Amino acid sequence: MEGSGLGPGDAVSVILLVGGFVRNAALLMGDLDAAVEARGVPAQEVMEGYARTLSRLVDPERHPALSRLMASGALWGPEEPDHEFRFGLERVLDGIDALVRERG
């Protein structure tokens, strides 16, 4: 954080933000790994079951946009395994970059 132009309070907040994002991603992957191990099936099958459960829970009348999103398959499309992590981390870093530019 040295040389960023951020004060100590902002630097601590940035470190907590990045750490929290990484921690959450690790917890989600751990949950998925645990579900795969508990069921003894491939990760893809666990995710398909999760998708089916969500589809049953989303009411198209109350949440039409979410229902369309789920029906599109975009939530379950084939992507690189770390796509969501990289996407999220890049957005977090974009925000930190904006903060550094604003304060610097």
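The secondary structure of the protein, as given by a predicted model, consists of four helices and zero strands, and from the N terminus on the order of the elements is α-α-α-α. The predictor's confidence averages a pLDDT of 90 over the protein, with 98% of the residues scoring at least 70. By element, confidence is highest in helix H4, at a mean of 95, and lowest in helix H2 (residues 43–57), where the mean is 84.

With respect to overall dimensions, the C-alpha atoms of the protein fill a box of roughly 50 × 35 × 20 Å along the principal axes. The radius of gyration is 18 Å, whereas a compact globule of 104 residues would have a value near 13 Å. Of the 104 residues, 15% count as buried, and the protein exposes about 7900 Å², of which carbon and sulfur atoms supply 60%. Among contacts between residues at least 6 apart in sequence, 48% join residues that are at least 24 apart.

Helix H4 comprises 21 residues (residues 83–103), which at 1.5 Å a residue should span 30 Å, and the end C-alpha atoms of this helix are indeed 30 Å apart, in agreement with that expectation. Within H4, the residues Gly-88, Val-92 and Ile-96 are buried. Seen down the axis of H4, its buried residues fall within an arc of 75°, and they therefore line one face of the helix. An α-helix has 3.6 residues a turn, so residues three or four places apart point the same way. The cover over the buried residues of H4 includes helix H1 (8–39).

A further buried position was examined in helix H2, the element in which confidence is lowest. Val-46, which is found in this helix, has a relative accessible area of 10% and counts as buried because this value lies under the cut-off of 20%. When its neighbours within four places in sequence are left aside, Val-46 is in contact with Leu-32, Ala-35, Val-36, Arg-39 and Val-41. For one of these partners, Ala-35, the separation from Val-46 is 11 residues in sequence and 7.1 Å in space, taken from C-alpha to C-alpha.

Notes. Residues are numbered from 1 along each chain as its sequence is written. This is a predicted model: local features need pLDDT of at least 70, side-chain atom pairs count only at pLDDT 80 or more; totals for chains, interfaces and linings use all residues. Side-chain values use heavy atoms; hydrogens and water are left out. Helices (H or I, at least four residues) and strands (E, at least two) are DSSP runs, numbered from the N terminus. The expected span of a helix is 1.5 Å times one less than its number of residues. Buried means under 20% relative accessible area, exposed over 50%, partly exposed in between (1.4 Å probe, protein chains only). The arc is that of the directions from the helix axis to the C-beta atoms. Contact means heavy atoms within 4.5 Å. The radius of gyration is taken over C-alpha atoms; the globule rule is 2.2 Å times the number of residues to the power 0.38. Accessible areas come from the Shrake-Rupley method with a 1.4 Å probe; for residues, only the protein chains shown count as cover. pLDDT is the predictor's confidence in each residue, from 0 to 100.
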